[in-house]
Amino acid sequence: MLELAPLDRRIINRYQGGFPLVKEPFDKVAAEFDISATELIGRVDHMLARGWLTRFGPLYNAERLGGGLTLAALSVPEEQYRSVTNLVNMQPEVAHNYRRDHLLNMWFVIATETPEQLTDTIAQIESNTGLKVCNFPKLREFYLGLWFEIGEQDEMNTRSIETTPQGALYSLDEYDRRIVVTTQEGLPLDSRPYADVARRVLLTEDEVIERMKRLLDCGVIRRIGLVPNHYKLGFRGNGMSVWDIPDEKLDALGQLVAGLDFVSHCYQRPRYEGVWPYNLFAMVHGRDRDEVRVKTEQISQLLGDECRGHDVLFSTEVLKKTGLRMVA
């Protein structure tokens with residue numbers, strides 16, 4: 001399927017999170033694989049260059065900072081698709097963007113520092129494109145977290161990870177914000193990456209490590225590690241399954257769906273009368289569409305007669321994939 005070496009598989013499988021917050025993290029990780037830090041850095045660099053990884057570093061949670069986060073969709077005429085893609089992707093607040101095989105054929109995530117910026121970004125996209133944005137804010141999070149594991153025969157398994165800690169919103173001070181801005185596109189591929197960050201934000205290496213530990217503990221950082229590009233790795237079955245569930249049954253049934261080990265995201269989102277009848281969203285991943293359909297059938301059986309309708313929107317192209325972007 002691809003030229004991914006067995007050791008690279010092991011590295012991806014082990015370090016999608018949990019990359020150590022110590023002065024020489026690559027040395028610590030490399031020792032687990034009986035290689036040098038230099039070789040490990042080279043392998044990560046190679047996987048990034050080949051597109052097998054989308055990034056390496058901390059994943060930030062805009063909501064824990066009091067920011068705005070939503071899923072939005074457009075119905076784009078085919079002859080305008082590329083131009084609209086460029087207009088949407090030029091917005092730094094657009095973190096992810098996917099083409100999906102549906103009348104609503106462009107789905108993107110918007111992440112902003114404030115809720116007001118979220119409203120402004122939607123208005124700007126509507127103004128730039130001349131199209132109506134369907135906004136699907138998260139009303140309830142049942143589950144978020146997935147760890148891809150690549151087997152020796154290129155099969156993919158998934159396992160759950162711990163959900164983000166909940167609690168009071170976290171307020172960044174000046175130095176925290178500098179750290180976020182400096183690392184939001186990834187960590188330096190250097191034997192002492194936190195020292196490199198420290199030089200840029202005018203702190204000591206120890207202070208950067210302690211501050212990042214605090215951001216991780218409180219959930220501002222979801223995890224630190226490698227982010228695999230499952231499309232490039234050959235796992236092209238990406239289905240956004242959507243379900244019409246009676247509102248009074250959604251709490252219990254949403255938790256059941258969220259408990260399935262192949263569901264990476266599970267949310268309640270609003271319906272749009274006459275346009276969109278679904279209120280439960282569950283992301284399902286697999287090697288291909290057939291595998292996703294098999295897994296989706298398990299959800300259907302779990303929901304039984306309480307499901308009044310459902311659909312699966314397969315993604316056919318990754319249009320953009322970055323993450324939260326704060327402006328310095």
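A salt bridge here is a side-chain nitrogen of Lys or Arg within 4 Å of a carboxyl oxygen of Asp or Glu. Glutamate 174 and arginine 178 make one, with their closest N and O atoms 2.2 Å apart. Keep in mind that this is a predicted model. Let's walk through its big sheet of nine strands, then the helices, then some charged residues.

**The sheet**

- The nine strands form an open sheet, and if you step across it you meet them in the order β5-β2-β4-β3-β13-β10-β12-β11-β6, with antiparallel pairing.
- At the edges sit β5 (134-136) and β6 (140-144), each of which pairs on one side only.
- The sheet isn't flat: on average, neighbouring strands are turned by 25° against each other, ignoring direction.
- As a bit of background, strands of a sheet pair through backbone hydrogen bonds, in either a parallel or an antiparallel way.

**Around β4**

- Six of the seven residues in β4 are buried, so the rest of the structure largely encloses this strand.
- On one pairing, β2 and β4 run antiparallel and share seven bridges, with threonine 70 standing opposite isoleucine 110 of β4.
- β3 is also joined to β4, by five bridges and again antiparallel; here tyrosine 98 has tryptophan 107 in β4 as its bridge partner.
- β3 and β4 make a hairpin, with five residues between them.

**From β3 to β12**

- β3 also pairs with β13 (residues 310-321), antiparallel and over five bridges, and arginine 100 is matched with serine 315 in β13.
- β13 pairs with β10 in the antiparallel sense too, over five bridges.
- β10 (residues 237-243) and β12 (residues 280-286) run antiparallel and are joined by seven bridges.
- Take a look at glycine 239: its bridge partner in β12 is valine 284, while in β13 its partner is phenylalanine 314.

**Helices**

- Helix α5 (residues 115-129) lies across β2 (68-74), β3 (94-100), β4 (106-112) and β5, and runs at about 145° to β4.
- Helix α9 (residues 250-258) packs on the sheet as well, touching β6, β11 (263-268) and β12, and its direction makes about 15° with that of β6.
- Helix α7 (residues 193-201) is mostly covered, with seven of its nine residues buried.
- The buried residues of α7 include Pro193, Tyr194 and Val201, and its buried residues pack against α2 (25-32), α6 (174-183) and α8 (205-217).
- Just past the end of α7, leucine 202 takes a positive phi of about 65°.

**Two buried charged residues**

- Arginine 55 belongs to strand β1 (residues 53-60).
- Although arginine 55 is buried, it has no salt bridge: the nearest side chain of opposite charge is glutamate 185, 7.9 Å away, and the cut-off for a salt bridge is within 4 Å.
- A polar atom of the arginine 55 side chain does lie 2.7 Å from the backbone oxygen of proline 58.
- Beyond its neighbours within four places in sequence, arginine 55 is in contact with residues including Leu48, Thr183, Gly225 and Thr322.
- Aspartate 244 is in the loop between β10 and α9, and it counts as buried because its relative accessibility is 12%, under the 20% cut-off.
- Leaving out residues up to four places away in sequence, aspartate 244 touches several others, among them Arg271, Tyr278, Glu306 and Arg308.

**Salt bridges**

- The count of salt bridges comes to 25.
- Glutamate 174 and arginine 178 are four residues apart in helix α6, so about one helical turn separates them.
- Glutamate 174 is partly exposed at 48% relative accessibility, and arginine 178 is partly exposed at 25%.
- Arginine 177 and glutamate 113 meet in another salt bridge, at 2.6 Å from N to O.
- Arginine 177 is in helix α6 and glutamate 113 is in the loop between β4 and α5, so this pair ties together parts 64 residues apart in sequence.
- Aspartate 206 pairs with lysine 23, their closest N and O atoms being 3.4 Å apart.
- That pair links distant parts of the chain, 183 residues apart: aspartate 206 is in helix α8, and lysine 23 is in the loop between α1 (6-14) and α2.
- Asp173, Asp176, Arg211 and Arg214 are linked in a salt-bridge network.

Definitions and conventions
Residues numbered from 1 in each chain as written. Predicted model: local features only at pLDDT ≥ 70, side-chain atom pairs only at ≥ 80, totals over all residues. Heavy atoms only, no water. Pairing = 2+ DSSP bridges. Axes fitted to C-alpha atoms, helices over the stretch in contact; angles between N-to-C directions. Contact = heavy atoms within 4.5 Å. Buried < 20%, exposed > 50% of the residue type's maximum accessible area, 1.4 Å probe, protein only. Lys, Arg positive; Asp, Glu negative; His and termini not counted. Polar contact = N/O pair within 3.5 Å; in protein donor to acceptor, adjacent residues only side chain to side chain.
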